Amino acid sequence: MNALAATNRNFRQAARILGLDAKIEKSLLIPFREIKVECTIPKDDGTLASYVGFRVQHDNARGPMKGGIRYHPEVDPDEVNALAQLMTWKTAVADIPYGGAKGGIGCSPEDLSTSELERLTRVFTQKIHDLIGVNTDVPAPDMGTNSQTMAWILDEYSKFHGYSPAVVTGKPVDLGGSLGRDSATGRGVLFATEALLAEHGKSIKGSTFVIQGFGNVGSWAARLIHESGGKVIALSDVTGALKNPNGIDVPKLIRHKEIGNGKLADFSDADRMSPDEILTHECDVLIPCALGGVLNRENAGDVKAKFIIEGANHPTDPEADEILSKKGVVILPDIYANSGGVMVSYFEWVQNIQGFMWDEEKVNSELKRYMSKAFGNIKALCGSHGCNPRMGAFVLGVNRVARATVLRGWEA
Ligand SMILES: NC(=O)c1ccc[n+]([C@@H]2O[C@H](COP(=O)([O-])OP(=O)(O)OC[C@H]3O[C@@H](n4cnc5c(N)ncnc54)[C@H](O)[C@@H]3O)[C@@H](O)[C@H]2O)c1
């Protein structure tokens, strides 16, 4: 099942639990606006190249739309649509005053030079500058984009509208980015995991972890879990997978990757393993932090973890969800588990609007407060509706957006 069908299915189930009427259910599913633009740039060799860019603005009942911009060869309008919708529920679960959006350009960023990437980003911004804005739609980095991409968008947007740092988040700190943004999603994963384990009488210390993906989310989650006394016994990235039953020395692995651009798979203090076995490796907690759809009906039956924390977006297919649920595996869903990034993006936007920079301690303590509050809200709904955390999170998010929609008189 593709990401859009899966997201719609979860939404409909939540709408049924909430007893939403058909009209509001339909109006919440239909995106506010879908934008498709051609971005033509001169390449470094003087030839012209054209790329298709998308921005899907899903819903703005609770505030400006918020979501990442992805540069990837397989950027697909259906997936962008699903991810935009997930952002609407995610910002509502987090209880931050935003709606949802997502965007992307179909390109392979690793095949473009820095100056080609800059030209492409500036042309894309020229095409959408009148549709994004501090109070309208606030982009952020996603796969294939980073703080430099946000700096180019900020600069190009500011040519049309005047200096507007709050138009994007995930910026470099020198241009108004927030301290703590880089680690925010991984730190949020840590707080979510702590809350779930505590509920089951367990703690990070004394538990074993397997993490798929060692990029921004996976490496920060691994580092913070290691610092908290957890044992990361297997890890993987696109280059391969590693295991060590005594626990991988995560700081040493990070140094290995940083020095001389080392490959994860070449790290000598752990044994290599097949990347196909990572998701079914024996552990207490499995944290997918790479691609969507990795847990599916082929492998879900073999998963041995007792808890899954969805660091990635949409890592669990609905069929896998059912199989895992029957096995008693508890899953913290993406729209809660990886919301630390958008929470700190919100703090960045607030700091830009205030013109006042917070210290990192304040960012991290506010993040913990928001993650704990959302966990409590989801848990309460799971109790009152007898549902799992994914449905608890969907019910929480959909209900908040539905209430805002009705209060604004938009349901007709
Ligand atoms: N960065 C954020 O703030 C953030 C916030 C919310 C959700 N997410 C989601 O988390 C996921 C990861 O995002 P990121 O920012 O860490 O991306 P990233 O590009 O920094 O890292 C991705 C990691 O996945 C690995 N990977 C790719 N293909 C793989 C494969 N086949 N097997 C194993 N590993 C593979 C890569 O090697 C890399 O280590 C994505 O689904 C993203 O949408 C990210």
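Two residues are in contact if their C-beta atoms, placed from the backbone, lie within 7 Å. By that criterion helix α3 (residues 77-94) lies across β2, β3 (65-72) and β4. The model is predicted. Two open sheets are described below, one of 5 strands and one of 7 strands, followed by helix packing and the surroundings of the ligand.

**The 5-strand sheet**

- The strand order is β1-β2-β4-β3-β5, and the pairing is mixed.
- β1 and β5 (137-141) are the edge strands, and each of them pairs on one side only.
- From one strand to the next, the twist averages 20 degrees.
- Strand β1 (residues 33-42) and strand β2 (residues 48-59) are joined by 10 bridges in the antiparallel sense.
- Two of the residue pairs between β1 and β2 can be named: C39 has Y51 as its bridge partner, and P42 has L48.
- The hairpin of β1 and β2 has 5 residues between the strands, and G46 there takes a positive phi near 95 degrees.
- β2 also runs antiparallel to strand β4 (residues 99-106), with 6 bridges between them.
- Within that pairing, G53 is bridged to I105 in β4.
- Helix α3, which lies across β2, β3 and β4, runs at about 150 degrees to β4.

**The 7-strand sheet**

- This sheet is also open and mixed in its pairing, with the order β9-β8-β7-β6-β10-β11-β12.
- β9 (271-273) and β12 (330-332) are at the edges with a single partner strand each, so one side of each has no neighbour in the sheet.
- Direction ignored, neighbouring strands are turned by 20 degrees against each other on average.
- The partner of β12 is strand β11 (residues 307-309), and the two pair in the parallel sense over 3 bridges.
- I308 is bridged to I331 in β12.
- Helix α6 lies across β10 (285-288), β11 and β12, and its direction is about 155 degrees from that of β11.

**Packing of helix α6**

- Two packed helices are described by the angle between their axes and the distance between the axes.
- The axes of α6 (residues 184-199) and helix α12 (residues 360-385) come within 10 Å and cross at roughly 45 degrees.
- The two helices α6 and α12 are therefore oblique to each other, and the crossing is right-handed.
- On the α6 side the contact with α12 is made by A184, R187, G188, F191, A192 and A195, which meet N364, L367, K368, M371, S372 and F375 in α12.
- By class, these residues of the α6 and α12 contact divide into 7 nonpolar, 3 polar and 2 charged.
- α6 also packs with α7, where the axes come within 7 Å and cross at roughly 50 degrees.
- That angle makes α6 oblique to α7, and this crossing is right-handed.
- The α6 residues T185, G186, R187, V189 and L190 meet N216, V217, W220, A221, L224 and I225 in α7.
- The contact of α6 with α7 counts 7 nonpolar, 3 polar and 1 charged residues.
- R187 appears in the contact with α12 and in the contact with α7.

**Helices α1 and α13**

- Helix α1 (residues 3-18) and helix α13 (residues 389-407) have axes that come within 9 Å and cross at roughly 70 degrees.
- α1 and α13 are therefore roughly perpendicular to each other.
- N10, F11, Q13, A14, A15, I17 and L18 are the α1 residues in this contact, and they meet R390, M391, F394, V395, V398, N399 and A402 in α13.
- By class, the contact of α1 with α13 has 10 nonpolar, 3 polar and 1 charged residues.

**Around the ligand**

- There are 22 residues around the ligand, and G215, D237, V238, A290 and G341 come nearest.
- The elements that give two or more residues to this shell are α7 (216-227) and β7 (231-237).
- α7 gives the most, with 3 residues, and α7 is also the helix that α6 crosses at roughly 50 degrees.
- By class, the shell around the ligand has 9 nonpolar, 11 polar and 2 charged residues.

Definitions and conventions
Residues are numbered from 1 along each chain as its sequence is written. This is a predicted model: local features need pLDDT of at least 70, side-chain atom pairs count only at pLDDT 80 or more; totals for chains, interfaces and linings use all residues. Axes are lines fitted to C-alpha atoms, for helices over the stretch in contact, and angles run from 0 to 180 degrees between N-to-C directions. Helices (H or I, at least four residues) and strands (E, at least two) are DSSP runs, numbered from the N terminus. Angles under 35 degrees count as roughly parallel, over 145 as roughly antiparallel, 65 to 115 as roughly perpendicular and the rest as oblique. A crossing is left-handed if the near helix is turned anticlockwise from the far one by less than a right angle, and right-handed if clockwise. Ala, Val, Leu, Ile, Met, Phe, Trp, Tyr, Cys and Pro count as nonpolar, Asp, Glu, Lys and Arg as charged, and the others, Gly among them, as polar. Two strands pair if DSSP finds at least two bridges between them. A residue is near a molecule or strand if its C-beta atom, placed from the backbone, lies within 6 Å of it.
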